[in-house]
Amino acid sequence: MNVKGFLVLFFCFSLLFINAQSDTLYVDENNQDISKTIYLKKSKSGLYDGQRFSTDTIVLEKLRLRNCFGELEPRVKSQLFKLLHSRNHIDTTKTLLIHYGDTLRKPSYYIKNNKERKYMYSFAHEHYNTHKGFVLAHKICKNRYRKFKKIAQVLHFYNINNGHPEQYKGHVWYKDYSSLLKKLFLSGYLHSRVIIIRPNGEFFLGYHNHYLFRDVVKNRKWEKSKSEFKNKLEELNQYNQ
């Protein structure tokens, strides 16, 4: 279910309880009712995290997957790869490690006074809220994955550009045309900002510091990691409400 559908569902729940006392509902990543016990068990498993939505009359606790494996349909994969190659000039014969940011902020957005420095999070990087810190995080990212350059490439995609150069000091940010990557991979049921896409259309989604990233880039680790994830997910989902 997409974000719009979820909001409609949440609104309907609110109407049902408008004349009742405040209550708490628990739903999984597919917006199916689950018990509080199952919600807590899954949220502590490492595969899920939770979101809370509340009004004066209802609290909705919703699970989101923190990471998952999947595979693009052949037609979708073909269209996506053609777009990435023609619009962004990306070599889709390599594994793509994409760090996604909704907004590429203009340099003046960042603070200039070091006394006001604090950590922030963007493009799957944690960094100081200075422009220098933002650029340094991309440099560190590029160096971290340099050893995989023969089989993979690290790419930083944005949805909206508020005035930052697309190329700056050797770093490149790519436009997500028609928000295609966001629509395909970053839906509301998953907490993710990193996308790994293999040339065969298989993909892995996860949050910024997931331990699997370095492993799943390597072909020999992919099947093992996917099997472990699938088994753990099936174990969690065998419980009845």
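What volume does the largest cavity have? I began my notes on this predicted model with that point, and I found a volume of about 40 Å³ for the largest cavity.

**Entry 1: the cavity**

I looked up how many cavities of 30 Å³ or more the structure holds, and the count is 1. I then listed the lining of the largest cavity, which consists of Leu80, Leu83, Leu84, Asn88, Phe157, Lys175, Asp176, Tyr177, Leu180 and Leu181. Sorting these residues by class, I noted 7 nonpolar, 1 polar and 2 charged. Helix H3 (74-88) and helix H5 (180-185) each supply at least two residues of this lining, and I recorded H3 as the element that gives the most, with 4 residues.

**Entry 2: the pocket**

I turned next to the largest pocket, in which about 330 Å³ of space lies. Its lining comprises 15 residues, and I noted that the closest to the pocket centre are Lys142, Ala152, Gln153, Val154 and Leu155. When I asked which elements contribute, I found that helix H4 (131-144), S8 and strand S10 (171-175) each supply at least two lining residues, while S8 gives the most, with 5 residues. By class, I entered 6 nonpolar, 5 polar and 4 charged residues for the lining of this pocket.

**Entry 3: Ser178 and Ser179**

I checked the backbone in the loop between S10 and H5, where I placed both Ser178 and Ser179. As a reminder to myself, most residues other than glycine have a negative phi. Against that background I noted that Ser178, although not a glycine, has a positive phi of about 60°, and that the phi of Ser179 is also positive, near 55°. Are these two serines buried or exposed? Ser178 has a relative accessible area of 62%, so I entered it as exposed, the threshold being over 50%. Ser179 has a relative accessibility of 18%, and because buried means under 20%, I entered Ser179 as buried.

**Entry 4: Glu166**

I located Glu166 in the loop between strand S8 (152-161) and strand S9 (167-168). Its relative accessible area is 37%, which lies between the limits of 20% and 50%, and I therefore wrote it down as partly exposed. Leaving aside neighbours within four places in sequence, I found Glu166 in contact with Tyr158, Asn161, His171, Val172, Trp173 and Lys175. I also looked up Leu104, which is 62 residues from Glu166 along the chain, and noted that the C-alpha atoms of the two are separated by 8.8 Å.

**Entry 5: a hairpin**

I followed strand S2 (residues 48-54) to its partner, strand S3 (residues 58-65), and found that the two run antiparallel and are joined by 7 bridges. S2 and S3 form a hairpin, and I counted 3 residues between the strands. Within this pair I marked Gln51, which stands opposite Lys62 in S3.

**Entry 6: the chain as a whole**

I closed with the totals for the protein chain, in which I recorded 7 helices and 12 strands. What share of the 241 residues is buried? I noted 43% for the buried residues. For contacts with a separation of 6 or more, I found that residues 24 or more positions apart account for 61%. The chain exposes about 14000 Å², and I entered carbon and sulfur atoms as supplying 49% of that area.

Terms used:
Residues are numbered from 1 along each chain as its sequence is written. This is a predicted model: local features need pLDDT of at least 70, side-chain atom pairs count only at pLDDT 80 or more; totals for chains, interfaces and linings use all residues. Side-chain values use heavy atoms; hydrogens and water are left out. Buried means under 20% relative accessible area, exposed over 50%, partly exposed in between (1.4 Å probe, protein chains only). Contact means heavy atoms within 4.5 Å. Accessible areas come from the Shrake-Rupley method with a 1.4 Å probe; for residues, only the protein chains shown count as cover. Two strands pair if DSSP finds at least two bridges between them. On a 1 Å grid over the protein atoms alone, a cavity is a set of points where a 1.4 Å probe fits but cannot get out, and a pocket is an open set with protein on both sides within 12 Å along at least five of seven lines; lining residues have an atom within 4 Å of a point. Grid points are joined across faces, edges and corners, and a volume is the space filled by probe spheres set on the points. Ala, Val, Leu, Ile, Met, Phe, Trp, Tyr, Cys and Pro count as nonpolar, Asp, Glu, Lys and Arg as charged, and the others, Gly among them, as polar.
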